[in-house]
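Here is a friendly walk through one protein model, from its sheets to its domains and its backbone details. Please keep the viewer open as you read.

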Amino acid sequence: MEQLCIINLKVPSTYLLDQTSKTPDPLILDCEYEVDENEKGFVLKWLLDNQPVYQWIPSKNPFPFQSFKNRVDTSYVVSQEHMHKHRAMAIIKPLANFTGEYMCTVQTYSGIDRKSAKLKIIVRESKFDLSYYLNGDGYITVDCHARDISPLPKLQIRINDELFTTDNLKSVRGENGLYNASISGRIRKDQLESPATIECLLSIPETNYNKRRSTTYYGRSGSLKALSISCSTDKSSATG
């Protein structure tokens, strides 16, 4: 058996950050390894995009670096074994910019090993709306908006399960690093069967985070300028 070897790196591919929660679950990154108890000079480090964020030496307390200061629970214990006690990093209230590649390195005077994995922090949107309204020129405009979300989502509009041609995604990134994103499209009223199911699909690339809003169009005569959403459905998930 090798004297020092990482056997399992536990880094979730995504972490869903709910900003409305006062006590969100910590983000736990764990690094399981085999090491000879007689090895000298053992040091464990966690790095984010090659920058050190956490260090633990068994004879000392865990030490979070400046970028993670006050964001790591240094009292978190993953094992009672002396050489493994604080190997895991428990991140409290992660920030959106904690997305990146996390690397665990373990080393002694006689060897070193490292493994890495990518993690994407998802900030749940504060608002997700779908609406449509009738124009005076015989067209119907469909709008879909998502606010305060990260990373930048993909938005699609479907009508009766068919992809609806829309303008390019419009997005603005705020000072808080979160995005406001929207798409819209137009269709002639006489081309739209009644009733028609209109949906907006929100997804974040390279994750399984998905949501949906839906409404039903009923053809009506008159000068009604806007129609509210008749129903909505959420479907969301993220691996952890």
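In what order do the four strands of the open sheet lie, and is their pairing parallel or antiparallel? The order is β10-β11-β15-β14, and the pairing is antiparallel. Strands here are DSSP runs (E, at least two residues; helices are H or I, at least four), numbered from the N terminus, and two strands pair if DSSP finds at least two bridges between them.

Before going further, a word on the source: this is a predicted model, in which local features need pLDDT of at least 70 and side-chain atom pairs count only at pLDDT 80 or more, while totals for chains, interfaces and linings use all residues. Residues are numbered from 1 along each chain as its sequence is written, and side-chain values use heavy atoms, with hydrogens and water left out.

**The four-stranded sheet**

The edges of this sheet are taken by β10 (127-134) and β14 (170-173); each has a single partner strand, so one side of each is left without a neighbour in the sheet. On average, neighbouring strands are turned by 15° against each other, direction ignored (axes are lines fitted to C-alpha atoms, for helices over the stretch in contact, and angles run from 0 to 180 degrees between N-to-C directions).

Eight bridges link β10 to β11 (residues 139-149) in the antiparallel sense, and Tyr-132 has Val-142 in β11 as its bridge partner. At the other edge, β14 and β15 (residues 179-188) run antiparallel and are joined by four bridges; here Ser-171 is matched with Ala-181 in β15. These two strands, β14 and β15, form a hairpin with five residues between them, and Gly-177 in the turn has a positive phi of about 85°.

**The six-stranded sheet**

A second open sheet has six strands in the order β2-β9-β8-β4-β5-β6, with mixed pairing. Its edge strands are β2 (14-17) and β6 (63-64), each with a single partner, so one side of each is left without a neighbour in the sheet. Within it, β8 (residues 100-107) and β9 pair in the antiparallel sense over eight bridges.

Ala-117 is a handy residue to click on. It sits in β9 (residues 112-123) and is the bridge partner of Tyr-102. Leaving aside neighbours within four places in sequence, Ala-117 is in contact (heavy atoms within 4.5 Å) with Leu-9, Val-11, Gly-100, Glu-101 and Tyr-102. Lys-45 is 72 residues away from Ala-117 along the chain, and their C-alpha atoms are separated by 14 Å.

**Two domains and a pocket**

The domain assignment (automatic or from a database) gives domain 1 (5-123) and domain 2 (127-217). Their centres, taken over C-alpha atoms, are 39 Å apart. Eight residues from domain 1 and ten residues from domain 2 take part in the contact.

The largest pocket has a volume of about 290 Å³. Its lining has 19 residues, and the closest to its centre are Leu-17, Gln-19, Leu-95, Ala-96 and Val-123. A pocket is, on a 1 Å grid over the protein atoms alone, an open set of points where a 1.4 Å probe fits, with protein on both sides within 12 Å along at least five of seven lines; lining residues have an atom within 4 Å of a point. Points are joined across faces, edges and corners, and the volume is the space filled by probe spheres set on them.

Where does this pocket lie? Both domain 1 and domain 2 give residues to the lining, so the pocket lies between them. By class, the lining has nine nonpolar, six polar and four charged residues (Ala, Val, Leu, Ile, Met, Phe, Trp, Tyr, Cys and Pro count as nonpolar, Asp, Glu, Lys and Arg as charged, and the others, Gly among them, as polar).

**Backbone details**

Most residues other than glycine have a negative phi, and most peptide bonds are trans. Two cis peptide bonds are listed here.

| Cis peptide bond | Omega | Place of the proline |
|---|---|---|
| Ser-150 to Pro-151 | about -5° | loop between β11 and β12 (154-159) |
| Ser-194 to Pro-195 | near 0° | loop between β15 and β16 (196-203) |

Asp-49, a residue other than glycine, has a positive phi near 50°; Asp-49 is in the loop between β4 (43-48) and β5 (51-56).
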